[in-house]
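User: Could you take me through the empty spaces inside this protein, and then what packs its interior?
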Amino acid sequence: MHLSVNRNSKAALKAYDVLFAQPVTSSGLSKSERDSIIISAIVNDAGETLVLSRFGDPRWDLRPFFDQSNVSEGGKFVNWDASLPVELIDDCKSVAYAWFKRGLPGSKPPVARGITTLVVASALPFIRWLSALGVQRFSDVQPIHISNYIHHCKSESLRPQPLYSKLRIIDFLWVFSAETISPLQQFPWGSSSLWRISGIGETRGVSAANKNAGRTDIIPLNDQAMIFNYCEQVIRETKADLEASGVESFTRRSPKMIRCRDAVLYVASITSGMRNDEVIGIDAGAWRKEIVDGVTFCWVTTVEHKTGKGRIDYLVPELTLDALELLAKCTIPMRRELEAEVYELEQMAPSSRSTEHLLRLEKARKDSKRLFLCLNGSGNKAEGLAHIEVLGQAGSNEALGSTPFPRTV
């Protein structure tokens, strides 16, 4: 017996089922019991649990929990720095586990990306800063330490939201203090709050536009027009090339395929208002036209992860659907390669399927439906090791930033 091609990935991996069965808290457990808590695992066809990472491991593998399409494989791990004080690391692990398991009071647990962001952007920088001062445990942290760290973070000229994210582990250490072995001894924000200290409260609402609250600069209209016109030109040339050369000429390494993908990525992003994750998550054919009272409406369906809305429809102009249709044709060879890889992986005997095999199989299944594809490792890996996968966020940034637009842009 083997996994069906159409089997839902959550049903196949059952990662959340395994997490649900773990202790609700690490507090009160012995070190060996705590270190044995399963952070991530998958379940094979025989119903066996294949553990990927445990609480005590120096690296947490969160791959089974990621549904976002644009997250690179490397971004799905938490690497706990073994060179840092053990007690600081262990208490941050307990806090991260509690948040992942139960969520904050009154709110649901975060997605896996919330955990990786908390550790990379907040926990590890704070631990490194404390370690440099010789602080070995959170119970030794004094108000002067917190005050100096806030000053240190503000000296980096961070805007309110990034500052909030960087200081957030301190708030979590207080909220989840019962989870820690050496808890903070005093409320970290004095008579204030993280919300106010980071400046978020001052940059919300109508006045936000005048207080530099946005994190992304708006593209000047003239530049926007030139980029858009360039992308339209690429799309026109690709259509002509497709008619003349046929779809088989659009291989995974062909510059014209990459050029078309990048142009369509820009057009789809700028005309839909989608986040990068939502654009990259568009499946081939996940769009439609409706005529209501003589007016044509064009819709693209994708999954919205950030606020948990799930599958939603975006209203787009007809030219966006035309661009997506074109890319769907140009990526047929790449999607065929992925389908062939899925078939090959499915033929392997169930008894010889490793955790890496099952994870790759699930990812290949998902990616075989996608439009925005690339060659793993940007083609730098040996031919036998390279495989096709969905374009990640870093790849998207490179695609949009390195495309040879006219010099006047």
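Analyst: On a 1 Å grid over the protein atoms alone, a cavity is a set of points where a 1.4 Å probe fits but cannot get out, and lining residues have an atom within 4 Å of a point. The volume is the space filled by probe spheres set on the points, which are joined across faces, edges and corners. This is a predicted model, where local features need pLDDT of at least 70 and side-chain atom pairs count only at pLDDT 80 or more, while totals for chains, interfaces and linings use all residues. Residues are numbered from 1 along each chain as its sequence is written, and side-chain values use heavy atoms, with hydrogens and water left out.

User: How many cavities of 30 Å³ or more are there?
Analyst: The search of the whole structure gives 2; the largest holds about 230 Å³, and the second largest about 40 Å³.

User: Which residues are nearest the centre of the largest one?
Analyst: Of its 17 lining residues, Arg63, Phe66, Lys76, Lys363 and Lys366 lie nearest the centre.

User: And what lines the second largest cavity?
Analyst: Its lining consists of Ser26, Ser27, Gly28, Leu29, Arg34, Ser94, Glu179 and Ile181.

User: Switching to the core, which residues have the most contacts inside the largest one?
Analyst: A nonpolar core is a set of buried (under 20% relative accessible area, 1.4 Å probe, protein chains only) Ala, Val, Leu, Ile, Met, Phe, Trp, Tyr and Cys residues joined through side-chain atoms within 4.5 Å. The largest has 53 residues, and Leu62, Phe126, Phe138, Leu167 and Ile169 have the most contacts inside it.

Terms used. 1 Å grid on protein atoms, 1.4 Å probe; cavity = no way out; pocket = protein on both sides within 12 Å on 5 of 7 lines; lining within 4 Å. Buried < 20%, exposed > 50% of the residue type's maximum accessible area, 1.4 Å probe, protein only.
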